[in-house]
Amino acid sequence: MKLNKNIAVSENGFIFNPLSGDSFSTNPIGQEIVRLMKEGKERKEIVSALMDKYATDEATIEKDLSDFFQMLFSYQLINEHE
Amino acid sequence: MNKRKVCVAVSGLNNIDSPGPGIPVIRALKESAEFDVRIIGLSYENLEPGLYMHDLVDKSYSIPLPSSGMDSLLQRLAYIHSIEKLDMIIPNFDAELHSFIKLGSRLKTEFGIATFMPDLETFESRHKSVLFEFGEKNGVIVPKAKMIYTPNEIYKVGQELGYPLVVKGKYYDASIAATPEQAVNYFHKISNKWGLPIILQEFVSGNEVNVTAIGDGNGNCIGAVPMRKLYITDKGKAWAGISLLDEELIDITNRVIGNSKWRGGCELEFIKTKENKYYLLEMNPRFPAWVYLAVGCGQNHPEALVKMALGLEQKPFESYESGKLFVRYSFDQIVSLSEYEKISTLGEL
């Protein structure tokens with residue numbers, strides 16, 4: 001799962017899309033997901049990393065992750081998601 | 001490095017809520033790495049804020065309105081030149097450009113004053129009323145538009161273009177009309193202020209993105225920086241904006257500037273649709289009021305303009321920084337009555 005080309009992400013989770021000029025703030029979990037995406041992790045690896053860290057089941061993480069990716073897609077920060 | 005001294009006259013000192021480009025152009029010139037610039041302000045009204053910005057404007061003169069005719073303008077410029085020895089003039093008002101383009105060769109031959117503007121034919125070719133044809137010629141999509149002189153024409157043109165449509169003034173102002181009645185209302189409102197004709201333009205939905213650019217007149221785009229407005233005033237002016245990294249927009253700009261052989265500064269206003277299509281809404285024939293953002297992004301367009309006007313080599317800028325913002329502010333200057341009196345009575349400050 002990759003962020004679109006040239007998307008800038010700060011350490012504080014501030015995301016800037018230089019193509020549209022839009023900027024976004026994410027919460028700590030969003031920051032973590034974006035960081036994992038920037039590291040080139042696949043969706044499964046992101047789910048696994050979140051399961052290791054948070055006491056919740058895989059279905060919940062999958063659902064929340066889908067919602068998050070849908071949001072990234074609608075803001076043109078990623079080109080596709082499952 | 002010893003900077004070359006140049007004396008540049010600049011108009012558009014109306015740094016108000018709908019600002020002219022004069023003060024941003026002056027700021028850019030004052031930061032020039034190559035020129036030590038003396039700025040002569042040219043004003044039309046005695047309360048143009050730039051008149052009183054003495055850290056930026058070294059001396060100011062009032063000049064006659066374009067409606068006074070070119071002879072009186074030339075006479076006034078000759079007087080100013082006799083005192084200031086101008087090297088160049090950068091006019092920044094849409095309404096005055098026609099006169100300055102026509103006077104350009106006389107200013108150069110009779111007084112040695114340089115300008116750097118398109119020829120009259122190129123200038124007229126991007127006029128709002130013929131922009132559709134300009135787009136076809138230069139490979140850029142332009143919304144359909146019709147020029148009208150009476151409100152009676154609105155009903156027929158409205159059927160062709162559909163609603164909503166955009167009602168525009170010849171030089172300034174634009175409103176979106178959802179019905180023929182609204183269009184008639186805007187027709188009167190805008191024509192009362194700016195005169196005729198009025199332009200009716202097809203409405204295109206999307207995000208507005210603008211480019212400040214400069215061409216050398218030989219088909220080369222010397223610089224271009226795209227920007228999206230982040231905060232818009234009730235007059236539709238950008239109060240804050242951010243530079244974009246948009247290669248397609250730069251390509252389109254290069255094409256428009258190159259094909260039209262544009263000479264001088266300009267602003268291209270686009271709508272980017274959801275389908276990522278770019279529609280050219282307007283091409284303003286002078287720098288925009290946000291041109292200082294280009295300086296902040298690494299491209300000093302006003303300095304490049306002066307260089308080219310003086311016959312110096314100016315290579316095209318190769319890059320700029322995206323993600324740079326400008327945020328305007330308002331500022332109350334305290335002005336002594338004697339200063340106001342001086343510009344009001346003597347026409348000089």
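In the predicted model, B:Leu165 faces B:Ala177, a residue of strand 7 of chain B. The two strands involved, strand 6 and strand 7 (residues 174–177) of chain B, run antiparallel and are joined by 4 bridges. Together strand 6 and strand 7 of chain B make a hairpin, with 5 residues between them. Within that turn, B:Asp173 takes a positive phi of about 80°.

Just before this hairpin comes a point that deserves a look at the backbone torsions. The peptide bond between B:Tyr163 and B:Pro164 is cis, with omega about 0°. B:Pro164 sits in the loop that links helix 6 (153–161) to strand 6 (165–168) of chain B. A second cis peptide bond of chain B is found between B:Leu196 and B:Pro197, again with omega about 0°. Here the proline, B:Pro197, belongs to the loop between helix 7 (180–194) and strand 8 (198–202) of chain B. As a backdrop to these torsions, most peptide bonds are trans, and most residues other than glycine have a negative phi.

Two lysines of chain B also stand out by their phi values. B:Lys85 has a phi near 50°, which is positive although the residue is not glycine. B:Lys85 is placed in the loop between helix 2 (70–84) and strand 4 (88–90) of chain B. How buried or exposed is B:Lys85? B:Lys85 counts as partly exposed, because 13 other C-beta atoms lie within 10 Å, and a residue is called exposed at 12 or fewer and buried at 20 or more. For B:Lys261, phi is likewise positive, near 50°, in a residue other than glycine. The loop that holds B:Lys261 connects helix 8 (247–260) with strand 12 (263–272) of chain B. B:Lys261 has 15 C-beta neighbours inside 10 Å and is therefore partly exposed.

Towards the N terminus of chain B, the pairing is parallel. Strand 1 (residues 4–11) and strand 2 (residues 35–43) of chain B pair in the parallel sense over 8 bridges. Along this pairing, B:Val6 is set opposite B:Val37 of strand 2. Helix 1 (residues 22–30) of chain B completes the motif: with strand 1 and strand 2 of chain B, helix 1 makes a right-handed β-α-β unit. Strand 1 of chain B has a further parallel partner in strand 4 of chain B, the two being held by 3 bridges. In that pairing B:Val10 has B:Ile90 of strand 4 as its bridge partner. For readers following side-chain directions here, those in a regular strand alternate between the two faces of the sheet.

At the level of domains, chain B is divided into domain 1 (4–117 + 332–346) and domain 2 (144–202). The C-alpha centres of domain 1 and domain 2 of chain B are 33 Å apart.

Chain A, to turn to the partner, contains 3 helices and 3 strands. Read from the N terminus, the elements of chain A follow the order β-β-β-α-α-α. The strands of chain A build an open sheet of 3 strands in the order 1-2-3, with antiparallel pairing. Its edge strands are strand 1 (8–9) and strand 3 (23–25) of chain A, each of which pairs on one side only. Strand 1 of chain A is connected to strand 2 (residues 14–16) of chain A by 2 bridges in the antiparallel sense. In this pairing A:Ala8 stands across from A:Phe16 of strand 2.

What radius of gyration does chain A have? The value is 12 Å, and this agrees with a compact globule because 82 residues would give a radius near 12 Å. The C-alpha trace of chain A spans about 35 × 25 × 20 Å along its principal axes. Of its 82 residues, 18% count as buried. Among the contacts in chain A with a separation of 6 or more, 43% come from residues 24 or more positions apart.

Finally, the two chains meet in a contact that takes 6 residues from chain A and 8 residues from chain B. On the side of chain A that touches chain B, 4 residues are nonpolar and 2 are polar, while no charged residues take part.

Definitions and conventions:
Residues are numbered from 1 along each chain as its sequence is written. Chains are lettered from A and ligands numbered from 1 in the order in which they are written. This is a predicted model: local features need pLDDT of at least 70, side-chain atom pairs count only at pLDDT 80 or more; totals for chains, interfaces and linings use all residues. Two residues are in contact if their C-beta atoms, placed from the backbone, lie within 7 Å. Ala, Val, Leu, Ile, Met, Phe, Trp, Tyr, Cys and Pro count as nonpolar, Asp, Glu, Lys and Arg as charged, and the others, Gly among them, as polar. Domain bounds come from an automatic or database domain assignment. The radius of gyration is taken over C-alpha atoms; the globule rule is 2.2 Å times the number of residues to the power 0.38. Two strands pair if DSSP finds at least two bridges between them. A crossover is right-handed if, with the strands pointing away from the viewer, the path from the first strand over the helix to the second runs clockwise.
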